[in-house]
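This report introduces one protein model to a reader who has not met it before. Please consult the sequence and the structure shown below while reading.

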Amino acid sequence: MKISFRWYGKDDPVKLEYIRQIPSMYSIVTAVYDVPVGEKWSMESILKLKEQVENAGIKFDVIESVPVHEDIKLGLPTRALYIENYKENIRHLSKAGVKVICYNFMPVFDWTRTQLDKALPDGSTALVYYKEQLEKMDPLKGELSLPGWDASYTKDQLADIFEKYSRVDEETLWGNLEYFLKEIIPVAEQCDVKMAIHPDDPPWPIFGLPRIITNEKNLDRFLKLVDNKYNGLTFCTGSLGSGSFNDIVKMVDKYSAQGRIHFMHVRNVKLLEDGSFEESAHYSPCGSLDIVAIMEALHKNKYDGYLRPDHGRMIWGETGRPGYGLYDRALGAMYITGIWEALEKTKGKEG
Ligand code: DNO
């Protein structure tokens, strides 16, 4: 297992120098942030990023994300250009030594929460998704600002995209995903870069838009679309785990045994009765997931891919990017590292 940490580039208040001080830190997870979705990333900007990361003494192995242009998800004729750009990005990143690319195939919105600073009983704040609040939100009306939502859309553009998606149901989205994979996976294989799709967060349709990377049956279907290890998963325990229908330990065990998990996002989530959820500290008793059992499954299957602690709460007065402060994610990294060390000592290095 290779511990990694997401870093949002030079504007991230969390400095590379601080990340490096977390014991066990191996690789940074980052991206080129100043290029519009769908465009090519120049070799120059990739190499600049690599240099910054390596100067801080950490590896530059994982990209999260190379975003997929909506025209690809919508299956529009203009997808041809964006797919060529995507292939070029894979080639460029491989030249810079990148091993894994994370991406998602969620229409319009990435991860969605209804509140970013919910105060927990211990005084920390966390990201939450309350079903009742979501049902009252309408992205086409009012001021809606969601994390992961590309704020560069004007209201009119958003209305236009929603109109286009009215002709895309789940099966059409599957078809568009298959088309994309059949184009890019051969390039990823030639370049020895593993593609790792991120599941939909939350794993169910929102605002009437389809979502398909949501459960075990669909992950099986996804992996068979192109049955090649370069077509793999970012297994996000919190995203899939916010659906009580997902048996996370069983799924981690199954897909890591198949060698199809290239990147793990590990975090905990507390499920509430009505299908709502709150993000919690990584420590198992704080949420609904058994983090030790998840790590045991990875260890048993000799997982040697990348893993990053995912969203943290805001603690100790830290302010910054919701979910992506330093302190709670660093606690998560050490908790996970501690579990792994204990597994190696008690069960042997071979898993
Ligand atoms: C949220 C992240 C996601 C992820 C993308 C991958 O915190 O895990 O935004 O980066 O879905 O493309």
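In which sense do strand β1 and β12 pair, and over how many bridges?

## Strand β12 and its partners

The model discussed here is predicted. Strand β1, residues 2–6, pairs with β12 in the parallel sense, and 2 bridges connect them. Within this pairing, Y306 in β12 is the bridge partner of K2. Strand β9, which spans residues 261–266, also runs parallel to β12, and these two are joined by 4 bridges. Here M264 is placed opposite L307 of β12.

In a regular strand, side chains alternate between the two faces of the sheet. Strand β12 covers residues 306–309: Y306 and R308 point one way, while L307 and P309 point the other way. All four of these residues are buried.

## Strand β4 within the structure

Strand β4 is largely enclosed by the rest of the structure, because 4 of its 5 residues are buried. It pairs with β3 in the parallel sense over 3 bridges, and V100 of β4 is the bridge partner of V62. Strand β7, residues 194–198, likewise runs parallel to β4 and is joined to it by 5 bridges. In that pairing V100 stands opposite K194 of β7.

## The surroundings of the ligand

Which residues come nearest to the ligand? There are 13 residues around it, and those that come nearest are S65, N104, D110, W111 and H198. Strand β4 supplies the largest share of this shell, with 3 residues. By character, the shell comprises 7 polar, 4 nonpolar and 2 charged residues.

## Helix α4

Helix α4 consists of 17 residues, from 79 to 95. From its first C-alpha to its last it reaches 24 Å, close to the 24 Å expected at 1.5 Å a residue. The helix is followed by G97, whose phi is positive, near 90°.

The buried residues of α4 are R79, Y82, I83, Y86, N89, I90, H92 and L93. The elements that cover them include the helices α2 (43–55), α3 (70–74) and α7 (170–191), together with the strands β3 (59–64) and β4 (100–104).

## Residue K40

K40 is located in the loop between β2 (27–30) and α2. Is this residue buried or partly exposed? K40 counts as partly exposed because it has 15 C-beta neighbours inside 10 Å, whereas a buried residue would need 20 or more.

Leaving aside residues up to four places away in sequence, K40 touches N85, E88 and N89. Of these contacts, N89 is one of the buried residues of α4. K40 and D304 are 264 residues apart along the chain, and a distance of 30 Å separates their C-alpha atoms.

## The nonpolar core

In soluble globular proteins, nonpolar side chains tend to be buried together. The largest nonpolar core in this model has 83 residues, and I101, I184, M195 and I294 are those with the most contacts inside it. Helix α7 gives the most to this core, contributing 7 residues.

What does M195 touch, when residues up to four places away in sequence are not counted? Its contacts are I101, I184, I185, A188, Y230, N231 and G232. Two of these, I101 and I184, are themselves among the core residues with the most contacts.

Terms used. Residues numbered from 1 in each chain as written. Predicted model: local features only at pLDDT ≥ 70, side-chain atom pairs only at ≥ 80, totals over all residues. Expected span 1.5 Å × (residues − 1). Buried ≥ 20, exposed ≤ 12 C-beta atoms within 10 Å, placed from the backbone. Contact = placed C-beta atoms within 7 Å. Near = placed C-beta within 6 Å. Nonpolar A, V, L, I, M, F, W, Y, C, P; charged D, E, K, R; others polar. Core = buried A, V, L, I, M, F, W, Y, C linked by C-beta atoms within 7 Å. Pairing = 2+ DSSP bridges.
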